[in-house]
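Me: I am new to this structure and would love a close look at a single part of it. Could you walk me through one strand and its surroundings?

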Amino acid sequence: MDNLQKFVSQVRSRLFVVLVINNIFIYVDWWFMDRVIGLDTEKLIFTLVITTVLSLTILPWLSAKYLTQPTKLIWQAILHIAPDTANVPAPNLKRRTLGHDLVMNLVSHIYQLASVVDDIEKTEATRQTDLKKDFVANALPLPLLVLDKNQTVIFANHATCDYIKRTTNEVIGQSVYSVLDMSFVSEETFDKWLDNVKHNAAVESKTWERVRLKVEGEEVQRQFDLAAYFNAENPEGFETMLVLFDHTESYSQDDQGLGFIALAVHELRTPVTLLRGYIDVFEEELHDTLTPELAGYLHKMHATAEGLTTFINNMLSVSRVENDQLLLKLHEENWAEIVDTVVSDLSLRANVQGITIEKDVAKDMPTVGVDRVGIYEVIANLIDNAIKYSGTSKRIIIRAGLNKEGMVETTVQDFGAGIPEGVIANLFDKYYRSHRSRSQVGGTGLGLYLSKAIVDAHRGHIWVRSKEGQGSTFGFTVIPYAKLADEQKNGDNNDISRGAHGWIKNHSLYSR
Amino acid sequence: MKPQQTTPPTTPTMNNGRKVLVVEDEHFISELYVRALTKAGYDVSVEVDGQRGLELAQTNTFDIILLDLMIPTITGIEVLRKLRGPGAPPLKSKIIITTNLEQREEIRADIEKQADAYLVKAEVTPRELVEFLSTIK
C-alpha cells in the first residue's frame with residue numbers, strides 16, 4: 001500500500017507541475033504577445049486560442065503516455081506469463097518509470113502467483129498419475145514388481161506383499177534377488193536373461209513357467225509363471241517389470257505323483273530296513289554254523305536286499321527328475337575315492353553272480369565337481385547293469401581317467417551279450433529294457449534313463465559302445481572341479497545347485 | 001586319543017558307558033537297534049512316543065539320541081525343534097535323525113542344520129549304525 005500512496009503522490013506532484021507550467025506558459029505567452037510584440041486584441045485572442053489548443057493536445061498526450069507506463073508494464077508481464085501469448089517478452093523493469101516500486105512489486109506478485117498456479121497444476125497432474133498408477137497396480141490381484149537399473153525393487157503392489165508375506169518397507173529398495181528367492185526349470189533363469197537383454201536389447205519381454213519361490217517360514221514353495229518386461233529407455237526409470245501368475249495349487253497337484261512315490265518309498269523302506277537288519281544279524285552270528293550252500297543263500301539274500309534299496313532310491317530319483325525336483329549340489333570331490341566306494345558297495349552283488357569288478361583308475365586325476373549322491377547312483381546303475389547283462393562272463397572292468405577334452409571319463413565294460421545296433425538309440429529312454437526279455441534279466445529300465453538325467457545335469461555326456469556277442473561299454477564324463485569353478489567364477493563355488501532338466505537356482509551369482 | 005573300548009565291539013558284556021535313547025515307533029526296528037547297540041556296549045533306552053521321547057531327551061542324560069521323524073503324538077521334527085530350536089536349553093546329546101521318510105531337499109536341509117546327522121534307515125544295517133555311532137564323539 002505504501003507503494004500505491006507513493007504512486008498517487010508522484011502522479012499528483014507531476015500533474016501539479018504540468019498544470020503550473022501550462023499556466024505559466026499561457027501567462028508568459030500572453031505577456032509576450034501583448035507587451036513585447038504589442039499585438040492587437042483580435043490577433044492576441046487568436047494566438048492564445050492556438051496556444052491553448054496546442055497545449056491541450058500535446059500535454060494530455062504526453063501525460064497519458066507517461067501515466068500509463070506502469071499499466072503497460074503490468075499488462076506486458078501478464079501477457080508474458082499467459083500460456084496463449086507466452087512469446088511476448090518480459091517487461092524491462094530496470095527502466096525508471098513512474099511508480100517504479102509499485103510496478104516492481106505488482107509484477108513480482110504476478111510472477112509468484114503464476115508459479116504457484118503452475119505448481120498446483122503440476123502437482124495435480126502428478127497426483128492424478130500416481131493415483132492412477134497406484135490404484136491400477138494395487139487393484140491388480142497379481143503380484144507386480146518394478147525394478148530400476150540396479151535390479152532394485154522400486155515398486156511392489158499390495159498383491160506382491162501378500163504373496164511373499166513381506167511388508168512394502170521390506171521390499172522397496174531391496175535387490176529383487178533377495179526379495180524373490182526363485183528357482184527355474186531351465187538354465188535360462190531370470191537373472192541370466194536380464195543380464196543378457198541389458199547388453200543386447202532396448203525392449204524385451206519373456207515368460208517362464210513353473211518358477212518356484214521359497215517364502216520364509218513356509219514349507220510349501222510357491223509355484224507360478226513369471227512374465228518380465230524390460231525397457232531400458234523407460235522415462236520414469238521403470239526398467240524391468242515383473243508379473244507373477246500363481247499356480248501353486250495346480251502345479252503342486254501335478255507333484256502329487258511324487259507325493260505318492262514318496263509314500264510308497266517310505267512304506268517299502270521299512271520292510272527293507274528290517275530285512276537288511278535280520279540278514280545283518282544272521283551273517284554275523286550264524287555264518288560259521290551254516291553249510292556253504294546256506295551261507296551262499298544268505299549272501300544272495302544280502303545282495304538282493306541291497307539291490308532292492310538301490311531300486312527304491314532309483315524310483316524316487318526318477319520321480320524327482322520327472323517333477324523337476326532332483327536338486328544336485330556340486331561339490332569338489334576326489335573321483336577315485338567315489339569310484340572305490342561304489343565298487344566296494346557293489347562287489348557283493350557282483351560276487352554272488354561270480355563276477356569280479358576290476359578297477360583301472362588313473363592316479364593323477366584332478367578333483368571333480370559332482371553331487372556325490374547323484375553321481376554315486378550313476379556309477380552304481382552302470383555297474384548294476386553290467387552285472388545283469390554279463391551273462392556267463394565273469395568280468396567287469398571300470399576305468400577312469402582324463403580324456404582328450406580334459407573331462408574326467410569313466411567307463412564300465414562288460415563282456416556279456418552286447419546290444420544290437422538297432423536298439424542302442426533307445427537305451428537311455430525311460431522303461432527301455434534292452435532287447436532281452438523280462439524273464440532273463442531283472443530291472444525296470446529306469447537305471448540308464450536316470451543316469452543320463454543325472455549326468456546331463458552335471459553337464460557331462462553319457463554314451464554306450466556295444467558289439468553283439470562281445471559285450472558293452474558304458475561311459476560318462478564329469479567336469480573337473482577347477483573347470484567348473486572357472487565357469488562359475490563369480491559365484492559361490494562350494495555350492496553350485498543343479499537340477500535334472502537343468503533345474504537351477506536363480507543365481508548363485510548375485511551380489512547385494 | 002584314548003580308545004573308548006579295548007575289547008571288540010561285539011563283546012556284549014562290556015559297557016562302554018555311553019547312553020543312547022532310541023525314539024522309534026516301529027517295534028521290529030527298535031528291537032534290532034537295541035540288540036546291536038547293547039552288544040556294542042551302549043546303555044539303550046527306547047521310547048515310541050514323541051512327547052515322552054522329548055521329555056526323556058530333556059533330562060539331558062543321553063550321549064546320543066536316535067530320532068525317527070514319523071512318531072506318534074508329536075513328530076520328530078517337532079521334537080528336534082524343541083531340543084535344538086531357538087531358546088532351547090543346551091543339550092549335550094548328539095541327535096541323529098533316523099528315518100525312511102523322503103523329504104523335499106529344502107526341508108531335509110533345514111533338519112540337517114539342527115541335527116548332528118541324518119540317516120536313511122533302509123540304507124544302514126544295525127551293524128553299520130553301530131560303526132557310525134562309534135565315530136560320533
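Reply: Happy to help; here is a walk around strand 1 of chain B and the sheet to which it belongs.

A word on the ground rules: this is a predicted model, in which local features need pLDDT of at least 70 and side-chain atom pairs count only at pLDDT 80 or more, while totals for chains, interfaces and linings use all residues. Residues are numbered from 1 along each chain as its sequence is written, and chains are lettered from A and ligands numbered from 1 in the order in which they are written.

Strand 1 of chain B covers residues 19–23. Helices (H or I, at least four residues) and strands (E, at least two) are DSSP runs, numbered from the N terminus. Four of the five residues of strand 1 of chain B are buried, so the rest of the structure largely encloses this strand. Here a residue is buried if 20 or more other C-beta atoms lie within 10 Å of its own, exposed if 12 or fewer, and partly exposed in between, with C-beta atoms placed from the backbone.

Now look to either neighbour. Strand 1 of chain B runs parallel to strand 2 (residues 43–47) of chain B, and five bridges join them. Val22(B) has Val46(B) as its bridge partner in strand 2 of chain B, and Val23(B) is matched there with Glu47(B). Four bridges link strand 1 of chain B to strand 3 (residues 64–67) of chain B, again in parallel. Val22(B) takes part here too, with Leu66(B) as its bridge partner in strand 3 of chain B. Two strands pair if DSSP finds at least two bridges between them.

Stepping back, the open sheet in chain B has five strands in the order 2-1-3-4-5, with parallel pairing. Strand 2 and strand 5 (117–120) of chain B stand at the edges with a single partner strand each, so one side of each has no neighbour in the sheet. From one strand to the next, the twist averages 20°.

Helix 1 of chain B packs on this sheet and touches strand 1, strand 2 and strand 3 of chain B. Contact means that C-beta atoms, placed from the backbone, lie within 7 Å. The direction of helix 1 of chain B makes about 170° with that of strand 2 of chain B; axes are lines fitted to C-alpha atoms, for helices over the stretch in contact, and angles run from 0 to 180 degrees between N-to-C directions.

How values were computed. Two residues are in contact if their C-beta atoms, placed from the backbone, lie within 7 Å.
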